[in-house]
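Here is a friendly walk through one model, heading by heading. Keep the sequence and the 3D view open as you read.

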Amino acid sequence: AQAAAAAGTQRVAAEKAELDKQLKVAQDYIQRLMAEKSDIDKRFHGMKQEMITRLQNACQQRDDARAKVMELENMLQKAGADVRKYQEEAKKAIAAAQAATAAAGTRLPPGTPPAAAAGAATAA
């Protein structure tokens with residue numbers, strides 16, 4: 001009976017040793033997986049932060065480009081208004097020069113620049 005008890009004790013001890021060994025392997029495996037997860041988390045957060053920074057930069061560039069377009073549109077509208085104003089002034093100057101030359105008896109062809117018309121009027 002003692003021999004059977006001793007054999008049972010040895011068998012239990014061997015099973016316990018085997019289970020302890022398997023537990024140690026499982027704990028090592030879990031530890032490796034936890035370290036790998038930590039590395040993956042760090043890389044993920046780094047990439048996430050980089051993407052957020054890139055997105056913010058892209059949005060800033062887009063906003064800057066929009067502001068520049070609006071500024072250029074305003075400049076273009078102002079330039080267009082200035083051109084129309086100068087065209088009206090030129091038409092008035094040509095009409096005045098033609099009227100002056102007509103009054104002086106000299107006829108200039110239509111569309112003669114104001115400077116030539118003024119020179120012709122002073123020459124007459």
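## A salt bridge between E50 and R54

E50 and R54 make a salt bridge, and their closest N and O atoms are 2.9 Å apart. Keep in mind as you look at this pair that the model is predicted. Both residues belong to helix α1 and sit 4 residues apart, about one turn of the helix. E50 has a relative accessible area of 39%, and because buried means under 20% and exposed means over 50%, E50 falls in between and counts as partly exposed.

## Two further salt bridges

How many salt bridges does the structure hold? There are 7, and two others are worth a visit here. One of them joins the side chains of K16 and D20, with a distance of 3.0 Å from N to O. K16 and D20 are both in helix α1, which covers residues 2-104, and they too are 4 residues apart, about one turn of the helix. D20 is partly exposed, at 39% relative accessibility.

The other joins the side chains of D63 and R62, where the distance from N to O is 2.9 Å. D63 has a relative accessible area of 34%, so it is classed as partly exposed. R62 is partly exposed as well, with a value of 39%.

## The helix that carries them

If you trace α1 from one end to the other, you pass through 103 residues. From its first C-alpha to its last, α1 reaches 149 Å, which is close to the 153 Å expected at 1.5 Å a residue. Just after α1 comes G105, and the phi of G105 is positive, near 90°.

Which residues of α1 are buried? They are I94, A97 and T101.

## A closer look at T101

T101 is a handy residue to click on, and you will find it in helix α1. Its relative accessibility is 2%, and since anything under 20% counts as buried, T101 is buried. A polar atom of the T101 side chain lies 2.9 Å from the backbone oxygen of Q98.

## A nonpolar patch on the surface

Now turn to the outside of the model. Y29, I30, L33 and M34 form a nonpolar patch on the surface. Together these four residues have about 410 Å² of accessible area. I30, one of the patch members, is found in helix α1.

## The chain as a whole

Stepping back, the protein chain contains 2 helices and 0 strands. Of its 124 residues, 6% are buried. The chain exposes about 10400 Å², and carbon and sulfur atoms supply 62% of that area.

To gather the threads for α1: this helix of 103 residues holds the salt-bridged pair E50 and R54, the pair K16 and D20, the patch member I30, and the buried residues I94, A97 and T101.

Note on methods: Residues are numbered from 1 along each chain as its sequence is written. This is a predicted model: local features need pLDDT of at least 70, side-chain atom pairs count only at pLDDT 80 or more; totals for chains, interfaces and linings use all residues. Side-chain values use heavy atoms; hydrogens and water are left out. Buried means under 20% relative accessible area, exposed over 50%, partly exposed in between (1.4 Å probe, protein chains only). The expected span of a helix is 1.5 Å times one less than its number of residues. Patches are made of residues with over 30% relative accessible area and no salt bridge: like charges are joined within 9 Å, nonpolar side chains (Val, Leu, Ile, Met, Phe, Trp, Tyr) within 5 Å. Accessible areas come from the Shrake-Rupley method with a 1.4 Å probe; for residues, only the protein chains shown count as cover. A polar contact is a pair of N or O atoms within 3.5 Å; within protein, one must be able to donate a hydrogen and the other to accept it, and residues adjacent in sequence count only if both atoms are side-chain atoms.
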